[in-house]
Amino acid sequence: MRKALLFGIALLALLVAQGEALEIRSLGHSAFFLAFESGLRCVLDPFTPQVGYRIPEKLEAQVLISSHEHFDHFFEGFVGKRVPVLVGTRNKGADWNLFDETIQGVHVFALPSYHDEEQGALRGKNAIIVLEGDGLRLAHLGDIGAPPEESVRKKLRGVDILFVPVGGNYTLPLDWVTELIRDLAPRVVIPMHYRTEVTRDWPIAPLADFLSRVQEWRVEKKGSVLHISGDTLPEPTTIWILEEEGPAMEQRGVLEITLDFERQRTIASNQYAVWIEDEEGNLVKTLYVTRFTGRGGYRQRPDCLPTWVKKANPASLPPQTVDATTSATPKSGHQVYTWDGKDESGNPVPPGTYRFFVEATLFWSSRVLFSGTFTYGEGSVEDIPVTVEYFGERHNEGMITNVRARIVPSP
């Protein structure tokens, strides 16, 4: 009876241990998706679209965790919706933001380090991200550029999985990388932040340079997705090469909107605006607005481009933003407006569903609104369907005609 009981307990323990499966997915560069058995889903060091790797669509994560605020490690829009963000630095890397939280049973905290050998004077501060959950300890070194202090090393020794930048230049030289690995003695090393075809123009070394220096450790090539537990990790230290889950982003393309404009000779007309909104109806960028309206004409004429005025709130815009999108009413003829996938601040937007609008005041309260919905980030589109709505009496309908839209390859 006792033997049967002990066997049952051992079997139960084995099943529990096997169930403690952590999923790790390599997303490219220094970004990884982690899914813990406890339920926590997070992304480490999410990058902006300008890095060049494809951002996964509909990635379910409850939190983003970044080692520092540089564009290739920090992007709040990575999962396409607003989620909590933990960042190990603040004030653009001038200060640390050493958080220490427990999220769905996973202990997540940041340890101090520097992005360069001059205590952050060149590139700012960096944080080492540590996660403890499912019986595992993981540490992501971010863009560590100087050996960590002994007090930090003590907290990292014997870590189960160590994500290490191996491209050099912006991060630790390779000799220092191998020395740090020897000191910390992790069970698994996952290299990151090295030159690939996507980052071929970056001044960082390829993975081969690192591998040529680590003959003392076993190297294993893995896929892009791992399912592991404490019982499945190797000993001693082994290097696992993960494939990036997504290839390089395709040419994002340029949205091209064309229309024919016929200048009207009547008063209270010839005003129009062109802009982009996201799927939730938030203004992304104004591409063009006639000068009279953009510089305050809507106060004199409330009927002047009311949809654009409500969305853009031009009274709150700085003068330089207004100047960048306004000009005098153009001469009659074919007009072309383009959008390169960036918002008002010049930041690339994530792939997804967007809408364009062309609104025109035709004559006092008579106006027209053209619009079209499109998916940005999936290559060329020759003909985006355009809808049109008229408001008020249909005066001067010939002012704006032949509105067309398509996505063409980037120049």
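**Notebook: pockets, cores and odd backbone spots**

**Entry 1, the largest pocket.** I began with the lining of the largest pocket and sorted it by class: 18 residues are nonpolar, 9 are polar and 11 are charged. A reminder to myself, before going on: this is a predicted model. I then looked up the volume of the largest pocket, and it comes to about 1300 Å³. Its lining is made of 38 residues, and Gly77, Gly80, Lys81, Pro350 and Tyr354 are the ones closest to the centre. Next I asked which elements give two or more residues to this lining, and I found strand E19 (283–290), strand E22 (352–363) and strand E23 (366–376). The largest share comes from E22, with 3 residues.

**Entry 2, cavities.** For closed space I kept the general idea in mind: a probe the size of a water molecule, rolled over the atoms, shows where empty space is left. How many cavities of 30 Å³ or more are there? I count 2 of them. For the largest cavity I noted a volume of about 80 Å³. The lining of this cavity has 13 residues, and those closest to its centre are Ser26, His29, Pro191, Tyr194 and Glu244. Two or more residues come from each of strand E1 (22–28) and strand E13 (188–192). E13 has the largest share here, 3 residues. I also split the cavity lining by class and got 7 nonpolar residues, 5 polar ones and 1 charged one.

**Entry 3, nonpolar cores.** I moved on to the packing. The largest nonpolar core holds 31 residues, and Ile24, Ile65 and Leu131 have the most contacts inside it. Another core lies apart from that one; it has 28 residues, including Trp339, Val368, Phe374 and Met399. I picked Leu131 for a look at its surroundings. Leaving out residues up to four places away in sequence, Leu131 touches Leu34, Phe36, Cys42, Leu44, Ile65, Val106, His107, Val108, Leu136, Arg137 and Leu138. One of these partners, Ile65, is also on the list of residues with the most contacts in the largest core.

**Entry 4, two threonines.** I wanted to see where Thr89 sits, and found it in strand E6 (residues 89–90). Is Thr89 buried or exposed? I log Thr89 as buried, because its relative accessibility is 3% and the cut-off is under 20%. The side chain of Thr89 makes a polar contact of 2.8 Å with the side chain of Glu69. Beyond four places in sequence, Thr89 touches Ser67, His68, Glu69, Asp95, Trp96, Asn97, Lys125, Asn126 and Ala127.

Then I went to Thr48, in the loop between strand E3 (41–44) and strand E4 (63–66). Thr48 is buried too, with a relative accessible area of 10%. With its neighbours within four places in sequence set aside, Thr48 is in contact with Ile55, Phe71, Phe74 and Phe75.

**Entry 5, a cis peptide bond.** I looked for cis geometry in the backbone. Which residues does a cis peptide bond join? I found one between Glu235 and Pro236, with omega at about -5°. Pro236 is in the loop between strand E15 (225–228) and strand E16 (238–241), and Glu235 is in the loop between E15 and E16 as well. I put Glu235 down as exposed, because its relative accessibility is 65% and the cut-off is over 50%. I also checked Glu235 against Lys125: the two are 110 residues apart in sequence, and their C-alpha atoms are 33 Å apart in space. Lys125 was familiar from my Thr89 notes, as one of the residues that Thr89 touches.

**Entry 6, positive phi.** Last, I looked for positive phi in residues other than glycine. Asn270 has a phi of about 70°. Asn270 lies in the loop between strand E17 (254–261) and strand E18 (271–278), and is buried with a relative accessible area of 7%. Leu305 also has a positive phi, near 45°. Where is Leu305 placed? I found Leu305 in the loop between helix H5 (291–300) and helix H6 (306–312). The relative accessibility of Leu305 is 0%, so I enter this residue as buried.

Note on methods: Residues are numbered from 1 along each chain as its sequence is written. Side-chain values use heavy atoms; hydrogens and water are left out. Helices (H or I, at least four residues) and strands (E, at least two) are DSSP runs, numbered from the N terminus. Buried means under 20% relative accessible area, exposed over 50%, partly exposed in between (1.4 Å probe, protein chains only). A polar contact is a pair of N or O atoms within 3.5 Å; within protein, one must be able to donate a hydrogen and the other to accept it, and residues adjacent in sequence count only if both atoms are side-chain atoms. Contact means heavy atoms within 4.5 Å. On a 1 Å grid over the protein atoms alone, a cavity is a set of points where a 1.4 Å probe fits but cannot get out, and a pocket is an open set with protein on both sides within 12 Å along at least five of seven lines; lining residues have an atom within 4 Å of a point. Grid points are joined across faces, edges and corners, and a volume is the space filled by probe spheres set on the points. Ala, Val, Leu, Ile, Met, Phe, Trp, Tyr, Cys and Pro count as nonpolar, Asp, Glu, Lys and Arg as charged, and the others, Gly among them, as polar. A nonpolar core is a set of buried Ala, Val, Leu, Ile, Met, Phe, Trp, Tyr and Cys residues joined through side-chain atoms within 4.5 Å.
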